[in-house]
Amino acid sequence: MDSRKGTGGKKARRGRRLGVITRGSLVEGLEMKLDPSQNIEDMKAGKFAVIEGEKNDFFSMVTDMRLDAANPEILLHPPALDDELLRQVLSGTSTYNIVSLRPMLMLPKDAAVEEGPRPVKAIPSHFSLVQEAEEEDVARIFGREGDEEGRFFSLGTPLDMETQVCVDMVRFAERSNGIFGKTGTGKSFLTRLALCGLIHFERAVNLIFDMHNEYGFRAMKETGGRGTSFVKGLKQLFGERVAIFSLDPRSTRARGIQPDFEVAISYDQIAVEDIAPLQDELKLNPTAVESAYLVYAIYKEKWLSTLLKLDGPDVEEFAAEIGAHAGSLVALHRKLKRLENFPFMVSRLTEGDAVDRIMEYLDRGINVVLEFGQQTSMLCYLLVANIIARRIHEMYVKKSERYYATQRPEDQPRQLMITIEEAHKFLNPVAAKQTIFGTIAREMRKYYVSLLIVDQRPSGIDDEVLSQIGTRITALLNDEKDIQAVLTGVSGTEGLRSVLASLDSKQQALVIGHAVPMPVVIKTREYGTQFYRELGCLDELGEEERRAKVQKDIKALFGEG
Amino acid sequence: MSKTQEYLRRRPLGRFLADDAAVLPVAPAARPAHVGEVVESSTTELIAEACQLHGAPPFGRFVRVEFEAPIIAIVYNVFTHSIEPNRRPTAYGKTEAELRLEQPQIFELLRTEFQALVVGYRDEYGPAPILPPQPARIHSFVYLCEDEEVAEFTQSDEYLRSILGAAKVPTDELLVATLRHALRARGGEGAYLVEMGKELSRLLRDDYDRLSSILRRIAR
């Protein structure tokens, strides 16, 4: 059941009157004649409006505006510059403004309290009044943070409003999600916000492949040239509930953090499936993978160490031995040699299997941030993310199967969300079929694993994957292809296109999909002191509050008494 | 009968003597003097004779005819002619002052009349922009409307429609003059002019040329 609460009954008239509906259709949206007292410049794309029909309230979004004139003569002979009177007289009468509205949800006026908004199946009649949405309307649709169930997490406020827009975290965790936007539009902040929501409300345990070391401990905030400031990372906000794993412990320590675990990967942990997606990065040709399978057929998991131990001239001999094409194997060998340069690649593990440790943490509900330190090459990121995700995937499949078999609540796996950056490298049409991430995006919902895809080039992602994304949080995108891609699999997107292209380059995002009842443009929540306090970060609380919270935590841990 | 009229009865020629006019007793503030008397009346318009020669209310001015339900009308035509229909005044080649000294009687043979367009009436509920049930009675007095009365009556835009709908009136000119009076009665409030301009634009069916010309002339 949808728990979004309606206020029910007849409600007081809303605030500002924006205009009246003059024409439109269900398919193409509605047109409103703007009230002459309103300034067209206040009508921003993405703004909320409520159309008061006779039986329903229609919650709508402003998608487009147009200037119009009743008489073409006026346009041929516009009023003189100093003829203020004529301009004022014409405005709203002979020259008027039309605002396109896209109704997103409707709510019967006599709806019962527990009834939520419904999809739009009707349109309001001629001259229905359009009003500015009020806080109560927004709360009615998007819920309010701090509800009893702890479902709703505020991501920001609607345009020109002070109220919260909340995302339903339960629904958010259910599906794979995407965070898109051009570089520098605040993707990392949005991602950090979403992760905070997931962790704070314990809706999913997270595994974050943190390519640029932005999520674990403090990160730099872009201030537009006015010095630099730092924001808190997840570890600082959630303490024990977040563990930092590092592929490059030296870099992590240099930034003043002690990693919880230093990740090393042995050659034996790399499967041929992990090499296949690296075709682009390593410039492998298709036959190389086949050769790798040949080696694997004989040496099983030792295939890579065996291959890399060989010296240049021996490879051809080896090829003849196993019946592989010599040239192809030589090329494969030469290219895989690059892996030896990675400091985290070891021939034997000394500290235990990193993936097992990650699973152990995740099982305990501790979120894992895997930092790459200085190992920021795409090759490294792809390789490591693939190896780890593949293993985790296998384990989750097993866990889920066990749960299906026993059906005991304690066997139910925790919902896991894997955050990947530069997602188009994993999920492009070629790679999506080979990497484990393609599989996760397509079908892992059944196995309690979903993805949080962070990307600046959504057009590079496979359509099949895109269409399975539940919730999209999108900052500004300019490229027509990217916009098209983000809107793949969303119905009624005509109007959203203009909204998406007209977002501010900072702190604005469009949220569409499974976790929100209707698409909404938000001004993103300030990620700062206030936010830390609201999440209950100890450093930011006063003495009194801190003591109270510690007492509460102690009670939660050890029970009353 | 007002004091002015009594005075005029005692001194029939008094109103033609310029310096004498200055000593005309001032009408009491509570009851301003009437400016004319109805001599011809129909539902849609009326003709009144001005109390003084050349003393008709200005073109476009709101006037009120005293009646049970006072009738509101707008002056749209003023004319001065000979009392005798068959005798036209002749040109003398002298200034008015000279003529007043030499032949004062000729002014006695002239009179000023004005035509007013009936646009509504007042009843106990306030101003009604509707034609009155009965036309004004002959010999009723015509008064100038006070500013408050004008402001009250011009609150709605219906008088513009009445003007536009009337035949035989110089429509655009009358609109300009009337709106100027209405505007003055409100102390020149710009917002009112914008509001009426919008209504006018609608009433003129977006005739942009006409609208801009009218507005230009009002704002002059």
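In the predicted model, one aromatic cluster is formed by A:Phe153, A:Phe189, A:Phe201, A:Tyr527, A:Phe531 and A:Tyr532. A member of this cluster, A:Tyr527, also receives a cationic side chain: the charged end of A:Arg192 is placed over the ring of A:Tyr527, at 5.3 Å from the ring centre. A second arrangement of this kind involves A:Arg364, whose charged end sits over the ring of A:Tyr361 at 5.2 Å from its centre.

Over all chains, the structure contains 18 aromatic pairs. One of these joins A:Tyr381 and A:Phe426; the ring centres lie 5.6 Å apart and the planes meet at 65°, an angle over the 60-degree cut-off, so the pair is classed as edge-to-face. The contact links distant parts of the chain, with A:Tyr381 in helix H15 of chain A and A:Phe426 in helix H16 (residues 424–427) of chain A, 45 residues apart. Both partners, A:Tyr381 and A:Phe426, are buried.

Helix H15 of chain A, which contributes A:Tyr381 to this pair, spans residues 378–406 and comprises 29 residues. The distance from its first C-alpha to its last is 41 Å, close to the 42 Å expected at 1.5 Å a residue. Of the 29 residues of H15(A), 22 are buried, and the helix is therefore largely enclosed by the rest of the structure. Just after H15(A), the backbone at A:Gln407 adopts a positive phi of about 60°.

How values were computed: Residues numbered from 1 in each chain as written. Chains lettered and ligands numbered in written order. Predicted model: local features only at pLDDT ≥ 70, side-chain atom pairs only at ≥ 80, totals over all residues. Heavy atoms only, no water. Helix = DSSP H or I, 4+ residues; strand = E, 2+ residues; numbered from the N terminus. Expected span 1.5 Å × (residues − 1). Buried < 20%, exposed > 50% of the residue type's maximum accessible area, 1.4 Å probe, protein only. Phe/Tyr/Trp six-rings, centres within 6.5 Å; stacked < 30°, edge-to-face > 60°. Lys NZ or Arg CZ within 6 Å of the ring centre and 35° of its normal.
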